[in-house]
Amino acid sequence: MNTALPAMEQLKLLNQNLFDAQDQTTLPHLSRQLAQQCEEMDASLMQGLIDIRAAHIGLQAILNLLQRRDEPLLFSSEEAAALLEPVQQRLRQGLGHINSLV
């Protein structure tokens with residue numbers, strides 16, 4: 001398959017190839033390609049969801065930390081950015097996995 005194409009486009013092409021197949025001997029090969037593409041898409045989607053969920057949990061933890069404080073917060077914007085950087089990285093990874101599918 002052409003890995004430059006998004007996974008959904010590759011899946012559409014494989015599906016079309018299955019419909020267009022006139023030689024019955026090519027069906028097992030196309031079927032294996034289709035199964036492999038589905039597995040790769042599933043893995044990418046699952047990893048994307050894991051990363052986005054981890055980012056969500058990180059944001060919840062930071063919000064809880066900020067909301068439960070009785071005294072004013074005394075940290076710099078650099079320190080705040082340092083707290084949010086891992087969350088942003090995880091979110092970016094998750095979205096990258098999902099975006100690679102479309």
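Which residues are exposed on the other side of H1? In this predicted model, the residues exposed on that other side of helix H1 are Lys12 and Phe19, and the account below starts from this helix before moving to H2, to the salt bridges and to a nonpolar patch on the surface.

**Helix H1 and its cover**

Helix H1 runs over residues 7-20, and its 14 residues reach 20 Å from the first C-alpha to the last, close to the 20 Å expected at 1.5 Å a residue. Ala7, Gln10, Leu11 and Leu14 are the residues of H1 given as buried, and they lie on the same side of H1, because they cover an arc of only 100° around the axis. The cover over the buried residues of H1 includes H2. A view of this cover from the side of H2 is offered by glutamine 37, a residue of helix H2 (residues 27-67), which is in contact with Ala7, Gln10, Leu11 and Leu14 when its neighbours within four places in sequence are left aside. Glutamine 37 has a relative accessibility of 5% and therefore counts as buried, since buried means under 20% relative accessible area.

**Helix H2**

H2 has 41 residues and reaches 59 Å from its first C-alpha to its last, which is close to the 60 Å expected at 1.5 Å a residue. The buried residues of H2 are Leu30, Gln37, Met41, Ser44, Gly48, Asp51, Ala55, Gly58 and Ile62, and what covers them includes both H1 and H3.

Two residues of H2 illustrate the contacts made further along the chain. Aspartate 51, which lies in helix H2, is buried with a relative accessible area of 3%, and, not counting residues up to four places away in sequence, aspartate 51 touches Arg90, Gln93, Gly94 and His97. Isoleucine 52 also lies in helix H2, but at 26% relative accessibility isoleucine 52 counts as partly exposed. With residues up to four places away in sequence again not counted, isoleucine 52 touches Leu91, Gly94, Leu95 and Ile98. Gly94 is thus among the residues touched by aspartate 51 and among those touched by isoleucine 52. Isoleucine 52 and valine 102, for their part, are 50 residues apart in sequence and 17 Å apart in space, taken from C-alpha to C-alpha.

**Salt bridges**

Side chains of opposite charge can pair when their charged atoms come close. How many salt bridges does the structure hold? The structure holds two, and they are set out here.

| Salt bridge | N to O distance |
|---|---|
| Lysine 12 and glutamate 9 | 3.5 Å |
| Aspartate 51 and arginine 90 | 2.7 Å |

The pair of lysine 12 and glutamate 9 belongs to helix H1, where both residues lie three residues apart, about one turn of the helix. Lysine 12 is exposed, with a relative accessible area of 52%, whereas glutamate 9, at 35% relative accessibility, counts as partly exposed.

For the other pair, the side chains of aspartate 51 and arginine 90 meet at 2.7 Å, N to O. Aspartate 51 lies in helix H2 and arginine 90 in helix H3, so this pair ties together parts that are 39 residues apart in sequence. Aspartate 51 is the buried partner, with a relative accessible area of 3%, while arginine 90, at 31% relative accessibility, counts as partly exposed.

**A nonpolar surface patch**

Leu59, Leu63, Leu65, Leu66, Leu73, Phe75, Leu83 and Leu84 together make a nonpolar surface patch of about 630 Å². Helices H2 and H3 (77-99) each supply at least two residues of this patch, and H2 gives the most to the patch, with four residues. One of the members is leucine 83, whose place is in helix H3. Leucine 83 has a relative accessible area of 37% and is therefore partly exposed.

**The helices together**

Read side by side, these details describe H2 as a helix whose buried residues have cover that includes H1 and H3. On the H1 side, glutamine 37 is in contact with residues including Leu11 and Leu14, and on the H3 side, aspartate 51 and arginine 90 meet in a salt bridge.

Key. Residues are numbered from 1 along each chain as its sequence is written. This is a predicted model: local features need pLDDT of at least 70, side-chain atom pairs count only at pLDDT 80 or more; totals for chains, interfaces and linings use all residues. Side-chain values use heavy atoms; hydrogens and water are left out. Buried means under 20% relative accessible area, exposed over 50%, partly exposed in between (1.4 Å probe, protein chains only). Contact means heavy atoms within 4.5 Å. Patches are made of residues with over 30% relative accessible area and no salt bridge: like charges are joined within 9 Å, nonpolar side chains (Val, Leu, Ile, Met, Phe, Trp, Tyr) within 5 Å. Accessible areas come from the Shrake-Rupley method with a 1.4 Å probe; for residues, only the protein chains shown count as cover. A salt bridge is a side-chain nitrogen of Lys or Arg within 4 Å of a carboxyl oxygen of Asp or Glu. The expected span of a helix is 1.5 Å times one less than its number of residues. The arc is that of the directions from the helix axis to the C-beta atoms.
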